[in-house]
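Welcome! Here is a short briefing to help you find your way around a structure that may be new to you.

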Amino acid sequence: MTPAIDRAARTADPTWQREWRWLSLVLAVLAGWASWGHWTWRLDQTVHDAAQLTWTRSAPDDIVIVAIDDASLEAIGRWPWRRAIHAQALTLITEARPRSVLYNLLMTEPDSDPAQDQLMSEALARSARVVLPVGHAVNSLGQGHELLPLPAFRAHALLAHADVTLDVDGVLRHAWLHAGTRSAGYPHPALALMQVGSAGDQGTSRLQRADTPQTLHPAPTESAPEAGWLHTDRMAIRFLGPPGRIRHVSMAALLRGEVPARTFTGRDVLIGVTARGLADTFLTPVTSQSTGMPGVEVTGQLLANLRHDGALFTVPRPIQAAIAATLVLLLGWSFQTVTPRKALAHAVALSAGALTGSWLLMAFDIWWAPFSTVLVAMLAYPVWSWRRLEATAHALQDELDLIAQAPLGTTGQRPAPKAGDLLDQRTAALRQAGAQLREARQLLADTLTALPDAVLVTDADGRVTQANHQAAVMGGLDGSTAILGRPLTAVLAALTPVEAPSWDLLFQRVASQPGRGIADDEMPQPSPVTTEASGPHGRQYLVHLVPMRAPAGPDDEDVWPDEVPRLGGVIVCATDVTELRHAEMQRQELMAFIAHDIRSPQASLLALVELQQMGHGPSPDEALQHIESLARSTLDLCEELLQVMRAENRPVTLQRTDLHSLADECIDEVSLRAQLKDITLQRTWDGERRQPAVVDDYLVHRALVNLLGNAVKFGPAHSTVTVSIATQEGHHVIAVEDQGPGIPTSELGRLFRRYERGEQGRPARLPPGIGLGLVFIDTVARRHGGRVVVDNRPGSGARFALWLPVASAAPTAAG
């Protein structure tokens, strides 16, 4: 993001964020309200039913259903059966001493044969552990009344209501633990079986009989739809699985004696109809639309919930609403710091997480309705996108206004498009502004690339936004793109500033520099800071830190002019002054050399004059000899200085030359000095052979003369100086070898330093060298792209070889 667009975004953010926080709060309230009011009940039930069907349970072995199934009807006969058959079945079960028995049949009408009812009454009396259902009916006037078992039956059984209430979609998911009239309430059959089982062997005295009915006080919100019939204590059923989960025993098999008595001992026994077309069946979350679950099995599965702590816990409405509101609020607040793609991902993740979490909670018998959270979370994204789009459109317009006030680029301001809607117009205008920004950016990049100095530009956070190749070289990185985005202190870590212990302190100084205005009515501009810095490999830099004032935005109109301007970044310009510092050091060395070596003969001349004036000087002839010697010494010194300066600054002129002829000329020039010491100058090539080369004839000639002169100067009398010319490794090798004392090992590192003396281990009586001859030779070799190689043999001589490329390159810079 460019600084201008980033500034516009920051300007719009506070208002936008405050508005979105309020919208997030509204959406959170909407989610909580929807969860409290069960607005998404039908969608929630799809998750509820799928989870119930997924997380099934194994049935306990202490519940048995005696089923009046199709096989029983076929074996015993058509329905209804005589009461004697029911009495026989109840007697067989009673003899096995069950924990409790539910005879899930409405026995409200007497049999045509009173003896049949008497048998059933006696069987009930022997058991004392039986639960009988109570039904209810509504007449044409809307008045409800109970359907009680016969008095002879209910005198020996605990009564339980047989009321079943379906949800609006026709699915059975809940049960009422108590139902009845205001004067007589009855427990659910499963709850009644629990009461009978807890009574144990204490008889029927503790059981709730019809002659001592329970008074029912329903909650205000849990009244039954039928007048006079009330419901209380709603309980969600945690189904174990599809029908047949609980162990079934056929009534026909029981009556035939095929069922062992231990099947019922200590167990809850539920007797009911399961035959197709005869049983009351209900749709449940674990059954399909084409099948149902018999009422007796529904009671058995609810009994398993009660007896084995497997009841389904439904999260209370206030907690559900609070969870939904909190999740949506967190989602809305997360939108403030993410991109649109991530915002959509957050909304989808929350929706998927809510659905998955609700489904997984069912594995722990916990039900939480997720769809109010899901729908509001999916609604939050388009609402956020709409408001974000509005805020972006305003921010774009503000930025376009700023660009129009100070257009960038070289093409000038283009007319704004008029076609399309508002967003299309602003998008097209932004493209035009972007083209201008790209032109300006490219111009800046080209300008930075053309600059010989290293230049870096940072943002207000101190991260590099622009850099050229020279800056990458200075920082020791591969390219300018490797610098972008990095902290400036990390890029400059390889450099050590002189004006402060660290770059951080310098940047603090830049930020705190008092500004100065060009005119009285203008905004003061921050002052730059300059420092020298040393880099790797001995490089020296002059670094200028120029602070940039943050560009003014729409909210900055009142910042004028006494307030301190905000720092918008820093421009760093680093100039490599290594060669300049090297030249300065050379001048300092030259001045020191002149002050020492030229001053010495001049001081001797003055001393000679003073002696002559005092009358104690030598004879005129001796004085003239001293004067001549001192003058020649000074002249030789100046000549060598001129040679070195000429070698460093004179343009190299390459021409085709025969090295053998060039060497012969040099030998002839030095031969007289060699004769004075009886030194033989020996050639290693045949006079008729030629060694063509492309070199600067003058510089190579002077360098070879210096080498020969040094060999003669430091070689012992009656010795030999050998000159050889060869081609080796793509170089012409011109070597001069003497038989002198060689060079002390301690002096090897100083041979080619300017204005250094090398003693070469010679006796003190020999004239000392001034150290410029070898500097001249080294300069000639480097300017030809070659080098000087020294083969030192202390005590027996030294060999200096001038290596010059066979195909000499263009002249190099001095030094």
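**A first look**

With a relative accessibility of 36%, Leu344 counts as partly exposed, because buried would mean under 20% and exposed over 50%. Leu344 belongs to helix α11, which covers residues 340-361. Its C-alpha atom is 9.1 Å from that of Pro382, although the two are 38 residues apart along the chain. Please keep in mind that this is a predicted model.

**The chain as a whole**

- The protein chain contains 21 helices and 27 strands.
- Its length is 815 residues, and 42% of them count as buried.
- About 41,700 Å² of the protein chain is exposed, with 56% of that supplied by carbon and sulfur atoms.
- Taking contacts between residues at least 6 apart in sequence, 72% join residues at least 24 apart.

**Nonpolar cores**

- The largest nonpolar core has 38 residues, and the members that touch the most others are Leu708, Ile734, Val736 and Leu802.
- Several elements each supply at least two residues of this core, including helices α19 (659-676) and α21 (773-783) and strands β24 (720-728) and β27 (797-805).
- The largest share, nine residues, comes from α20.
- Beyond its neighbours within four places in sequence, Leu708 is in contact with Cys666, Ile667, Val670, Val721, Val723 and Val736.
- Another core lies apart from this one; it has 36 residues, among them Tyr103, Ala157, Met251 and Leu254.

**Salt bridges**

- The structure holds 22 salt bridges.
- In one of them, the side chains of Asp49 and Arg173 meet at 2.8 Å, N to O.
- Asp49 sits in helix α2 (residues 41-54) and Arg173 in the loop between β5 and β6, so this pair ties together parts that are 124 residues apart in sequence.
- Both partners are buried: Asp49 has a relative accessibility of 17%, and Arg173 has one of 2%.
- Arg173 also meets Asp169 in a salt bridge, again at 2.8 Å from N to O, and Asp169 is partly exposed with a relative accessible area of 30%.
- Elsewhere, Arg683 forms a salt bridge with Asp668, where the closest N and O atoms are 3.8 Å apart.
- Arg683 lies in strand β22 (residues 680-683) and Asp668 in helix α19, so the pair ties together parts that are 15 residues apart in sequence.
- Arg683 is partly exposed, with a relative accessible area of 36%.
- Through shared partners, salt bridges join Asp49, Asp167, Asp169, Arg173 and Arg234 into one network.

**A closer look at Asp167**

- Asp167 is located in the loop between β5 (158-161) and β6 (174-180).
- Its relative accessibility is 13%, so Asp167 counts as buried.
- Leaving out residues up to four places away in sequence, Asp167 touches Trp41, Arg173, His174 and Arg234.

**Two helices to visit**

- On the surface, Trp22, Leu25 and Val29 form a nonpolar patch, with about 350 Å² of accessible area together.
- Leu25 lies in helix α1 (residues 3-36) and counts as partly exposed, at 38% relative accessibility.
- Helix α4 (residues 83-95) has 13 residues, which at 1.5 Å a residue should span 18 Å; its end C-alpha atoms are 18 Å apart, in agreement.
- Buried residues of α4 include Arg83, His86, Leu90 and Ile93.
- After α4 comes Arg97, whose phi is positive, near 55°.

How values were computed: Residues numbered from 1 in each chain as written. Predicted model: local features only at pLDDT ≥ 70, side-chain atom pairs only at ≥ 80, totals over all residues. Heavy atoms only, no water. Patch = residues over 30% accessible without salt bridge, like charges linked within 9 Å, V, L, I, M, F, W, Y side chains within 5 Å. Areas by Shrake-Rupley, 256 points an atom, 1.4 Å probe, with all protein chains shown as cover. Salt bridge = Lys/Arg side-chain N within 4 Å of Asp/Glu carboxyl O. Helix = DSSP H or I, 4+ residues; strand = E, 2+ residues; numbered from the N terminus. Buried < 20%, exposed > 50% of the residue type's maximum accessible area, 1.4 Å probe, protein only. Expected span 1.5 Å × (residues − 1). Core = buried A, V, L, I, M, F, W, Y, C linked by side-chain atoms within 4.5 Å. Contact = heavy atoms within 4.5 Å.
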